[in-house]
Amino acid sequence: MANKIVFPKNFIWGSATASYQIEGAWNKHGKGESTWDRFTHTPGKIRNNDNGDVANDHYNLWKKDIALMKKLGLQSYRFSIAWPRVLPAGRGKVNQKGIDFYSKLVDGLLKAGITPFATLNHWDIPQTLEDEGGWPVRSTGDAFVEFTDVITRALGDRVKSWITHNEPAVVAWLGYELGVHAPGLKDPKLSLLAAHHLLVSHGQAVPVIRSNSKDAEAGITLNIGWKVPASNSRMDMDSARLDDGRWFRWFADPVYGRGYPADMVEYFTKLGGLPNGLDFVKPGDMETIATPTDFMGLNYYGRNLHRVDDPKNDPQIFFPHPKTPEHWTEMDWENYPQGLTGVLSRVYFNYNPLKIYLTENGASYSTGPDENGNVPDVHRTNYLRTHFEAAHRAIQAGVPLAGYFVWSLMDNFEWSFGYAQRFGIVWVNFETQERILKDSAKWYKAVIKKNGF
Ligand code: FCB
């Protein structure tokens, strides 16, 4: 039998969602159109042409959702604020009804004994700003700082944990280079500009948060995979290094004051993304990006094992096991808990953040209710248990991991996959908006209660 695992005394157990994925009410009470509204309303962009118009109807059902969190014993709830709900045109006129929604949500959480953890940009930015050029133009970053100021003034007395951007790499690469996320552009030059302006605006937003929200902690959330070569061949090793460089180091290095990594400048130059070098870096930008933060937020989902059989071909992500649910989730992502110990240790020993929050981790399995109305999602429970063990191992090795946010509180709109992927520990019937605690949620509840298992 496995040893009993006990987490540190003040460890925070939470769960996460994002505005566009759950709120619905896309055009209610003065909310402006977001880039994700526009993208999902464009036929052919999303599996099954799904959209977030209604999603989990959380905008109307938030009280019920807080009750659910309370039932789970959740200590903290990570949610995001829809920028176009607060500033419908991106800047200027404030929509008071939007502020009121988040203000009531925060009060409701606090009343239920749940600590609010807010993300400012989880991707759904105002379409008006995209029409002016989006993240590839610097003025979008300035508008982001204005939004940060407005919302931290309104909520900063009660919300004390703030994330500027969620996964800027995903915004830049999937949104502006690969075209599979909003706004759906395919231009490496624009994607590098987007990445830079996301980073600069992060650094500009941090002092604004601190001045409006006394004693608050502020940081950024980066996605990180355990990217390793399948062999010690030069091609496999380069492939893994470049993949890590693109998704993680390009963002983490400048945030921690190291500037953009030289090997990646070379790589992006070859790719055609930097025709004029780093001429978009203005004096002071790199210092701004490196503004000290209070924590690093990490989202971890799995391992990428790199195998290149021929330099002319794209690298293959090699899957070493049969695709059974123990090793493989329905997103086509490998279940690899050891990688979590790996990334946490690597990030801490390499960058030395004061504190780390695992702001997302979880798995997609579609198991639904059985004839008795139970949801026996054994594979998700197994995924979570083994990842909690992996996190615990990193803590024992000295990593200051302060909290764990399971993705996601409930099944929701999974971006380009629509409703086809279910990451929730709570089942959602999207026809009736019924919510059912899955077995994984019941198990998580017991873990929270005992601070271990
Ligand atoms: C992350 C996103 C989150 C969710 C999970 C599965 O990249 O931050 O919104 O979609 O993946």
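Helices here are DSSP runs of H or I with at least four residues, and they are numbered from the N terminus. With that in hand, let us walk through this predicted model, starting at a proline. P183 sits in the loop that runs between α8 (168-176) and α9 (188-212), and the peptide bond leading into P183 from A182 is cis, with omega near 5°.

A second cis bond deserves your attention. The peptide bond from W407 to S408 is cis too, again with omega near 5°. S408 belongs to the loop between β9 (401-407) and β10 (426-429), while W407 is one of the residues around the ligand. That brings us to the binding site.

Which residues surround the ligand? They are Q21, H122, W123, N166, E167, N299, Y301, E360, W407, E414, W415 and F423. Sorted by class, this shell holds five nonpolar, four polar and three charged residues. Several side chains make polar contacts with ligand oxygen atoms. For E167, a side-chain N or O atom is 2.6 Å from a ligand oxygen. For E414, the corresponding distance is 2.8 Å, and a polar side-chain atom of Q21 also lies 2.8 Å from an oxygen atom of the ligand. How much of the ligand's accessible area does the protein cover? On its own the ligand has 290 Å² of accessible area, and the protein covers 95% of it.

Moving on from the ligand, you will meet plenty of aromatic rings. A search of the whole structure gives 43 aromatic pairs. Ring pairs join F7, F11, W13, F388, Y404, W443, Y444 and F453 into a cluster. Rings also meet charges: the charged end of R85 is placed over the ring of F101, 5.9 Å from its centre. Likewise, K323 lies over the face of F319, at 5.8 Å from the ring centre.

Charges pair with one another as well, and the count of salt bridges comes to 30. One of them joins the side chains of D65 and R435, with an N to O distance of 2.9 Å. This pair connects distant parts of the chain, since D65 is in helix α3 (residues 58-72) and R435 is in strand β11 (residues 434-437), 370 residues apart.

Helix α3 also helps us place our last stop. N48 is in the loop between α2 (35-40) and α3. What is the sign of phi at N48? Phi is near 65°, a positive value in a residue other than glycine.

Terms used. Residues are numbered from 1 along each chain as its sequence is written. This is a predicted model: local features need pLDDT of at least 70, side-chain atom pairs count only at pLDDT 80 or more; totals for chains, interfaces and linings use all residues. Side-chain values use heavy atoms; hydrogens and water are left out. A residue is near a molecule or strand if one of its heavy atoms lies within 4 Å of it. A polar contact is a pair of N or O atoms within 3.5 Å; within protein, one must be able to donate a hydrogen and the other to accept it, and residues adjacent in sequence count only if both atoms are side-chain atoms. Accessible areas come from the Shrake-Rupley method with a 1.4 Å probe; for residues, only the protein chains shown count as cover. Ala, Val, Leu, Ile, Met, Phe, Trp, Tyr, Cys and Pro count as nonpolar, Asp, Glu, Lys and Arg as charged, and the others, Gly among them, as polar. Rings of Phe, Tyr and Trp (its six-membered ring) pair if their centres lie within 6.5 Å; planes under 30 degrees apart count as stacked, over 60 as edge-to-face and the rest as tilted. A charge sits over a ring if NZ of Lys or CZ of Arg is within 6 Å of the ring centre and within 35 degrees of the ring normal. A salt bridge is a side-chain nitrogen of Lys or Arg within 4 Å of a carboxyl oxygen of Asp or Glu. Helices (H or I, at least four residues) and strands (E, at least two) are DSSP runs, numbered from the N terminus.
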